[in-house]
Amino acid sequence: MGRFTEIFSEITDDGHAQAEAGSAARLLRDEYGPEALVEIVESQKTSEIEGAPQKPTSKTEQEKSLEMKIKLHSRLIDEIDLTALDGLETTALKERVFDIVKALAREDKLRMSEPEIRELADGVFDEMTGLGPLEPLLQDESVSDILINTHEQVYIERGGELELSGVRFANEPHLLRIINKIVAQVGRRVDESQPLCDARLLDGSRVNVAIAPIAVDGPLVSIRKFSKKPFTLDKLVEFGAVPDVVAQFLWAACKSRVTILISGGTGSGKTTLLNALSQSISHKERLITIEDAAELQLQQPHVARMETRPPNIEGRGEIRQRGLVKNALRMRPDRVILGEVRGEEAFDMLQAMNTGHEGSMATLHANTPRDAITRLEQMVAMGDMKITPEAVAGQIASAVGIIVQATRLSDGQRKITSVAEITGMEGDVIQMQEIFNYTRTGTGPKHEVIGEFRSTGIRPKCLDEILCRNIPLPEGLFEPKALPVGRTSEQSIKDRIG
């Protein structure tokens with residue numbers, strides 16, 4: 001170890017050092033050799049989010065800059081005493097790395113400005129403690145999706161529109177190291193025997209991974225980011241996703257223990273809406289959540305979270321949603337919340353909703369409320385249950401109260417396009433009535449969707465239950481008319497309804 005060991009000699013033990021800095025140092029020492037780290041950090045030169053101002057440089061200047069970075073990082077590995085990094089807090093570790101990079105640059109008289117040195121040091125730090133080139137995108141709150149198509153191409157979504165970012169990885173092994181770091185955090189694995197994997201980041205963001213032999217050209221990663229602050233219904237009203245009066249009705253229905261099913265396509269905002277509605281649930285109730293990859297952000301104090309487990313390397317030990325739903329009924333839940341219904345667990349969910357667990361919620365993929373009912377019937381049939389279609393339809397009609405349809409429009413807007421109530425059976429057909437809907441009326445000059453929310457004039461059956469609980473609702477809410485967009489009061493929905 002070289003001269004820069006003394007930079008770490010003044011470290012004091014305050015008893016509060018973060019474990020991530022120490023584990024990152026060990027990871028750097030054990031997994032990354034000098035050549036690999038040079039390749040990794042070199043990739044940081046392109047990890048700027050598209051749209052940021054960039055100075056035009058010639059190819060010769062870029063090559064000279066690359067040579068300087070390679071030389072600097074080779075010496076960085078040789079000079080650092082990695083054992084001195086153990087026990088450092090994150091902020092202190094970041095500053096120590098910057099000090100070393102700055103000292104090496106001055107010694108070699110490299111023509112690098114302080115911002116360039118800071119960027120270089122941040123690249124090393126991100127590789128040690130974070131997810132390397134992805135860190136700038138994960139910190140950017142305007143980015144909602146990160147879509148990695150091999151190590152050379154990374155797309156991002158902003159405001160509902162996809163765009164190609166300037167981020168890339170050094171090579172395929174570099175991307176695979178980042179993938180393994182992600183899945184290892186939640187006890188999962190991805191390899192040739194199991195090339196598909198669902199995982200999550202520490203902030204709850206959803207991650208899907210596909211590698212060879214499934215992915216032909218290289219690893220594919222999809223990251224659905226979630227806001228660090230969960231959206232409330234008031235926020236959704238401000239964004240124009242739902243009218244204020246409709247949000248009040250949904251809040252009141254959830255609070256009065258009406259079972260709600262949220263239907264929608266990929267990226268339509270189903271999980272966001274489920275999180276927002278869950279804030280109306282009393283803190284006295286016990287909630288059990290069941291998901292493939294835990295991503296719900298419920299705010300209640302009494303929440304028991306469970307997620308499925310994939311099979312191990314021998315193909316054993318798999319625990320599916322259906323088993324978790326059955327187990328949840330033995331855990332004395334007041335409500336069972338399924339992150340997404342996609343298989344035979346639909347039957348057990350309906351059983352739970354019909355046996356004293358009213359007010360339960362779930363999401364599923366469907367294009368309309370009627371399609372959601374059809375999908376439920378098909379998912380129950382997937383379990384090879386010896387039960388007639390008429391009996392399944394009766395279970396659905398008895399269990400589900402309201403179906404909320406969330407839609408992502410062609411211009412990227414996310415809106416609640418329908419609120420429908422299941423009213424019962426007529427023969428062997430489930431009867432529904434639409435209470436609110438969103439109708440597209442035109443297209444704007446920038447190809448944005450123009451439409452209006454309307455009340456259909458139908459009084460819902462669950463209104464009696466809401467009024468019995470003394471939950472106030474706006475007068476004339478169900479009269480047939482166009483509904484205003486945006487907030488109608490300075491008070492929050494919780495303050496107005498309780």
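The exercises below, each with a worked solution, concern a predicted model.

Residues are numbered from 1 along each chain as its sequence is written. In this predicted model, local features need pLDDT of at least 70 and side-chain atom pairs count only at pLDDT 80 or more, while totals for chains, interfaces and linings use all residues, and side-chain values use heavy atoms, with hydrogens and water left out.

**Exercise 1. Classify the ring pair Phe 231 and Phe 239, and state whether each residue is buried or exposed.**

Step 1. A pair of aromatic rings is described by the distance of the centres and the angle of the planes. Rings of Phe, Tyr and Trp (its six-membered ring) pair if their centres lie within 6.5 Å; planes under 30 degrees apart are stacked, over 60 edge-to-face, and the rest tilted.

Step 2. The count by this rule is 5 aromatic pairs. In one of them, the centres of Phe 231 and Phe 239 are 5.6 Å apart and the planes make 80 degrees, which is edge-to-face.

Step 3. Buried means under 20% relative accessible area, exposed over 50%, and partly exposed in between (1.4 Å probe, protein chains only). Phe 231, at 31%, is partly exposed, and Phe 239, at 52%, is exposed.

**Exercise 2. Find which residues touch the most other members of the largest nonpolar core.**

Step 1. A nonpolar core is a set of buried Ala, Val, Leu, Ile, Met, Phe, Trp, Tyr and Cys residues joined through side-chain atoms within 4.5 Å.

Step 2. The largest such core has 47 residues, and Leu 233, Phe 249, Ile 402, Val 419 and Phe 436 touch the most other members. Helix α9 (residues 244-255) gives the most to this core, 9 residues; helices (H or I, at least four residues) and strands (E, at least two) are DSSP runs, numbered from the N terminus.

Step 3. Phe 249 and Phe 436 also form one aromatic cluster with Phe 478.

**Exercise 3. Describe how helices α12 and α13 pack.**

Step 1. Two packed helices are described by the angle between their axes and the distance between the axes. Axes are lines fitted to C-alpha atoms, for helices over the stretch in contact, and angles run from 0 to 180 degrees between N-to-C directions.

Step 2. For α12 (residues 345-353) and α13 (residues 369-381), the angle is about 110 degrees and the axes are 6 Å apart. The two helices are therefore roughly perpendicular (65 to 115 degrees).

Step 3. Ala 346, Phe 347, Met 349 and Leu 350 of α12 meet Leu 376, Met 379 and Val 380 of α13, where contact means heavy atoms within 4.5 Å.

Step 4. Of the 9 residues of α12, 8 are buried, so this helix is largely enclosed by the rest of the structure.

Note on methods. Parallel < 35°, antiparallel > 145°, perpendicular 65-115°, else oblique.
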